[in-house]
Each structure stands twice: as structure tokens, then as C-alpha cells.
Amino acid sequence: MYKTFTVLMLSMFLLQACTQNKSTLENTEPNSGQTMKLEVKDIHSFAQPHEARIVHLDWEAKVDFEHQRIRGVARWQIEALANAQKLVLDTKALEIDRVTIGTNEEETSYSLSPAQPHLGRGLHIDIKENTEWVTVYYSTTAGAEALQWLSVEQTAGKEQPFLFTQSQAILARSWLPVQDSPGIRFSYSAKVEVPRELMALMSAENPQEKTKDGVYSFTMAQPIPAYLFALTVGDIEFAAIGPRTGVYAEPSTLAKATYEFGALEAMVKTAEELYGPYRWERYDIVVLPPSFPFGGMENPRLTFATPTILAGDRSLTSLVAHELAHSWSGNLVTNATWNDFWLNEGFTVYFEQRIMEALYGRDYAEMLAALAVTDLKEEITSMIADGQGQDTRLKLDLEGRNPDDGVTAIAYDKGYLFLRMLEEKVGREIFDAFVKTYFEDNAFQVMTTEAFIDYMKEHLLEKNSVDMEPMVYKKWIYGKGLPDNAPRPKSDRFAKVDAILSAWLETGQLPNTVKTQWSSHELQHFIRSLPEDISLGQLAVLDETFGLSHTGNSEIFAAWMVPVIRQDYEKAYPQLEAFLIRTGRRKFLMPIYSELIKGEEGRKRALDIYAKARPNYHFVSTHSLDKLLGHDIKN
Ligand code: BES
Ligand code: ZN
């Protein structure tokens, strides 16, 4: 309470100087060592939080599968300056029915600003002195880019339809009128009505059983930014894993998911041992249908996950460690704007690596790191070749662009390597203490890149008398590409794979042990290291040996598709087509389609498949693929 009050007072003080879209945050001024307020301008939101900001939401919604529409009532509790005249919310493709103010629901006037590319429209609502509640009656439309409505056939069970949302980065505004900026947090309660046969889940305290009437109530007591507002509805059941962990999935997927995430409780415990208490009570995962466009999404209390990580052998669960790690990096300490995205993802990959190392050993974690670094280097090369060199900086400049453009390996793996470089410089013990306090000190607050630099200087470098020239970290953060002092993950297991590959290429001999002793990561590394001029005969041998075209491991399959397409190994095309139609995960789709369109025949094949597959993909994926394939269908 006191904190919000302070922010408000300071905001008032700063008001004259303020232009648009600025939220305040605490920061330590470099020279004086005094705490002061910094303004953060979020170029991806119309909100003017210094004048009036949202603090709590009571949401009522009816999920209408027949019309593929959510009818909603968003009751916002706000905090505003005494002389504030309006509350500005972000919207995109929403139909606004009416807006009221106060608990007595007095009708008020509002206007929608003209639509802007990526951003949608600002909803300017007239408020009065002392207005504390603003209620918006609205519905979503077919243009709701966060929502994916799945038909019965697109689910595992094939009996009930399904809905899920994906709000990050700026899609929350397409299903909720909200100040859609990562620096603005709100707590919420919700009452959601869905068809009786279905269960609804949110990024909140969740049910474990279906209700009789299809009405579900939720509360999220901790304040979250809009990009973590999430809902899914379907024929979903729950299974417990540990006392505070569990998994939700369609009934036919539940047993497989429960096995796959068997280490979940141990992961939470390991994460806490590293960097402090888990602040969100329960940690559950919901496994969505395969069209989910990401591997995972860190919605608080309930990670949304792709079924493509259900490999049957727990080999792809570093993704769970990643989403869990976001419960600290991202969900507690949140990037102030999408230009600071590396603070969310770089810290999360670092934390994920540490969880995997603690659970499965250094050897194992180094394989993961080595795979990531290979990808990173390839991506940097291709970004530079494509004239995207400026996006190889950690601190981004996404002005006028979709924040989605900033989702590259830079934020993730260059961010990771930067933190690992710091760790190697100061030693693990010091670094771990630093990371832990960083999460504690900044919990439920936003972080800019600049505030991070100040924090690091004070709490890591100066405190421990570490000698590091500002040039060193500035080069990482504001410079392009990968600095020379980047750590080089070293995997002995991969070195052995390399030796086996060379020998095989020379002699045609593969030791029998590769089938029994290699982990899926070693196999993945082997496939990725195949030379470009590998023959069809050699591919056939590998396919036969490892059953690659029929593997249930999506990472292996996706890696395998590169040489398959490059050498035109036709035997695998039926599986390729089936995979592309079934799976909507962008990380797999982009490289496969990119490889396909390199040749004339392949381009034709890609477009044929895309025509069939596109209805199965979420907006996030079609948006990227339309650009890649020069597709001109507008939804
Ligand atoms: N928060 C991201 C997904 C995201 C990022 C959605 C930006 C929209 C905009 C999530 O935590 C993530 O990083 N997912 C990765 C997982 C991985 C790196 C282990 C994914 O989906 O592949
Ligand atoms: Zn992430």
C-alpha cells in the first residue's frame, strides 16, 4: 500500500515532465547512490500509467465456442492522479459495447484511437476525480490474435473443442482491454463460464476437477503483467505429481505427460535451493494440443506446454526447467519493455542450465549448452547476412516494430553466455549470491537494462572488488555479435560423437553402442554435424539404424528434416508432411519451411503443405510463416 502511494506521489511530481506511456520504477542513480525514480517509456503500449494505472481486475467471461468469441466484462480497479481525466487501455480487434465508472456503474464516454500496426487501438476512457473502478463490456472478434480456437478434430481426444491463449508479447490486448505493458502489474479474480463438458484453467489458482455447471472461479493474488494473463479451455483432466506440482492434459495424453514430468517436484526444490523460495504456491503444467506455437509459456502457476516435448524418455524436460525458472526471472523480476527482453530470457536460460546441471550433472548440462551455442552462432551469422545485425545486441531497439522481431537466440543464448561469462569471472559462489539477491531485491518489479547494469556494478562488481572494465559488459550489451571472451561450453560427450562421425564417414562403420548408449542430445548433435554432401545411401543407413523418420522425439525429427530436405531423401516426405500439418510449434516450422523453399520443387511442396496446414496454426506461427512464404491470405 505504502509503495503504491509513494509511486503515486512521485508520479504527480513528475507529471509535468511526462509525455506518453511512461511508468515509473525505482532505480539507483549511478553517482549519488540515492534512490530515485526513473521513467520507462514503453513504445508498445498506449497506456499512460503516470496519469491512471490499473491495479486489480475482476473479470467475468463467457466462452462461446459456437461463435468463437469471448464476451467479457473487465472491472478495473485503478489508481489515478487527483486531477486525472482519463484511463488509457490497449485494445486490438475488440468490440467495445459500453464503459462505466464507479461501483454504481455510471455510463461514461470513451474513444478508440485509430488502429496502428502491431499495437491496435488505445481505448481512452473519461474518468472523474476519485474514480476507482472502470468497467468495460466487450467481446473479442475473429481478429483476436492471442486466441486459438481448435475444432474437435484438432484435439487429441477428437470429441470436444479446445481454446488456448498466448498473450506474450503484446497479444493480451486482443482478448482483454488492458494496459498491456510488462511494467504494469495487476492482481485478478475471474469468473469464467464454459460449456459444461469442459474445464477452464488460468494463470491463477486453478480447479483440479470439472464443475457441474461449467462455471469456474479464479484468483491470482500476486500482481502480474498483462503478458502473463492466460486461459485455456478443453476436455482437460488433472494428475498430481508432488504436493505442489501436477499436470493437466486431455485424458488420452495425461498418463504420458505424468511420466514425462516425473521430476517436476524435484525441479521446483532444486530451483529454490539455487535462488530462493518459489513465490507462486503451486506449479502445474498444462499440455496443450500440438498447434501451440511455443515450446512453453511461463504463465504463472500454470506453464502452458507443447506436447512435442513428450518424447517418452524425459529427454526434453529442460524446457520445463526453463519455464519454471521464469517464475523468478520474468515473472518476479520483469523486463521493463520488450527492448529489455534479454533480461527475461537470458537469466532464464542461465537458471534453466543450473537446474539441469544440479539434477543431471555437468556433462548433461554442457551438452545442452553446446547445442544452444551452435544454434546461436548460426543465427548470428544469418542475422548479419540478412541485414539484421543490429538485433544481435542484447539491448534491442524495437521502435515501430513487432516485439516478436526480438525473439531470437540473442536474448536467450547470448544473454545466457553473458551471465555465464560473469559467473566464470567472479566464481560461482559469488555469482549465485548475487543472482539470489537480485531476485529478492527486485521481486514484483520491473528491470531495465540500464538499471540492471547499475545493480550489477554495485552488487556484483564493486561489492566483491571485481576488476572489470565497463567496456567489457557494454560490448556484450550494446555491441553486435558474440564478444571474444564468450565462454565456450565444452562437451566431452559431443567430442566423442564427432570422432564417431568422422570414422563413420571414412569407413562406414558405426559402433553398436551408439544405439544403446547415446542420449537423444548426442544423436541430435550427430545429425546436426552431418556434412552437406552426405549421400542418399548414407542417409538411408542412418534412417535404418536410428529409425529417424519415425522417431517420437520432435527435436531429433526436426534436426533430421534438414538433411532430408537438402538431399531430397524422399522416403521421409510423408512423415514430413504429417509433422508439418500436426505441429504448430514455430521453432520447428521455421527451419523446416526455410529449408524447403531453397529449391524450386521444395517451394512448391512447402506451399502445398502450408495450404493444408495453415488452418492448424496459431497466429504467432502464421504471422511468421506468411512472411517467410510470401503468403497473402489475410485472416
Ligand atoms: N516466454 C517464452 C515464449 C515467448 C517469448 C512467447 C516471446 C512470446 C514472445 C518462453 O519462456 C520460451 O522461451 N519458450 C521457449 C522454450 C525454450 C527456450 C526452452 C520455446 O517456446 O521454445
Ligand atoms: Zn523463456
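**Entry 1: His 44**

In which loop does His 44 lie? I looked that up before anything else, and I kept in mind that this is a predicted model. His 44 sits in the loop between β2 (35-41) and β3. I then asked whether His 44 is buried or exposed. His 44 is buried, because its relative accessible area is 2%, and buried means under 20%. I also took a distance from this residue: 76 residues separate His 44 from Gly 120 along the chain, and their C-alpha atoms are 9.8 Å apart.

**Entry 2: around ligand 1**

Next I turned to ligand 1. Its shell has 16 residues, and Gln 168, Gly 295, Glu 298, Glu 323 and Tyr 412 come nearest. I sorted the shell by class and found six nonpolar, six polar and four charged residues.

Which atoms of the protein approach ligand 1 with a polar backbone atom or a side-chain N or O? I noted three pairs for my bench notes:

- A polar backbone atom of Gly 295 is 2.5 Å from an oxygen atom of ligand 1.
- At Gly 296, a backbone N or O atom lies 3.2 Å from a nitrogen atom of ligand 1.
- Glu 323 uses its side chain: one of its N or O atoms is 2.7 Å from an oxygen atom of ligand 1.

I checked the cover as well. On its own, ligand 1 has 520 Å² of accessible area, and the protein covers 90% of this. Then I asked which elements give two or more residues to the shell. They are β20 (296-297), α4 (318-325) and α5 (341-360). Helix α4 gives the largest share, three residues.

**Entry 3: the zinc ion**

What coordinates the zinc ion (ligand 2)? I found His 322 and His 326, each through NE2, and Glu 345, which is listed twice through OE, at 2.0 to 2.7 Å. Along the chain, the donors follow the spacing H-x3-H-x18-E. His 322 is in helix α4 and Glu 345 in helix α5, so I wrote them down as a pair that links distant parts of the chain, 23 residues apart. Both ends of that pair, His 322 and Glu 345, are buried.

I looked at the geometry too. The zinc ion (ligand 2) has six donor atoms, the angles among them run from 52 to 158°, and the site is irregular. For reference, I jotted down that ideal angles for six octahedral donors are 90 or 180 degrees.

**Entry 4: backbone oddities**

I went through the backbone for unusual spots. The peptide bond from Gln 168 to Ala 169 is cis, with omega near 0°. I had already met Gln 168 among the residues that come nearest to ligand 1. Ala 169 belongs to the loop between β12 (162-165) and β13 (185-193).

Two residues that are not glycines caught my eye for their phi. Gln 68 has a positive phi of about 50°, and Arg 301 has a positive phi of about 70°. Where are they? Gln 68 lies in the loop between β3 (52-64) and β4 (69-80), while Arg 301 is in the loop between β20 and β21 (302-305). I compared their accessibility: Gln 68 counts as partly exposed because its value is 40%, and Arg 301 counts as buried because its value is 7%.

**Entry 5: three more buried residues**

Ser 291 was my next stop, in the loop between β19 (283-287) and β20. Its relative accessibility is 4%, so Ser 291 counts as buried. With what does the side chain of Ser 291 make a polar contact? The partner is the side chain of Gln 148, at 3.1 Å.

I looked up Ile 224 in strand β15 (residues 215-225). Ile 224 is buried, because its relative accessible area is 0%. From Ile 224 to Leu 417 I noted 193 residues in sequence and 28 Å in space, C-alpha to C-alpha.

I finished with Leu 596, whose place is in helix α17 (residues 586-596). Leu 596 has a relative accessible area of 2%, so I put it down as buried. The C-alpha atoms of Leu 596 and Thr 408 are separated by 21 Å, and the two residues are 188 residues apart along the chain.

Notes:
Residues numbered from 1 in each chain as written. Chains lettered and ligands numbered in written order. Predicted model: local features only at pLDDT ≥ 70, side-chain atom pairs only at ≥ 80, totals over all residues. Heavy atoms only, no water. Near = heavy atom within 4 Å. Polar contact = N/O pair within 3.5 Å; in protein donor to acceptor, adjacent residues only side chain to side chain. Areas by Shrake-Rupley, 256 points an atom, 1.4 Å probe, with all protein chains shown as cover. Helix = DSSP H or I, 4+ residues; strand = E, 2+ residues; numbered from the N terminus. Nonpolar A, V, L, I, M, F, W, Y, C, P; charged D, E, K, R; others polar. Donors = N, O, S within 2.8 Å, 3.2 Å for Na, K, Ca; no water. Tetrahedral: all angles 85-135°; square planar, octahedral: opposite > 155°, others 65-115°. Buried < 20%, exposed > 50% of the residue type's maximum accessible area, 1.4 Å probe, protein only.
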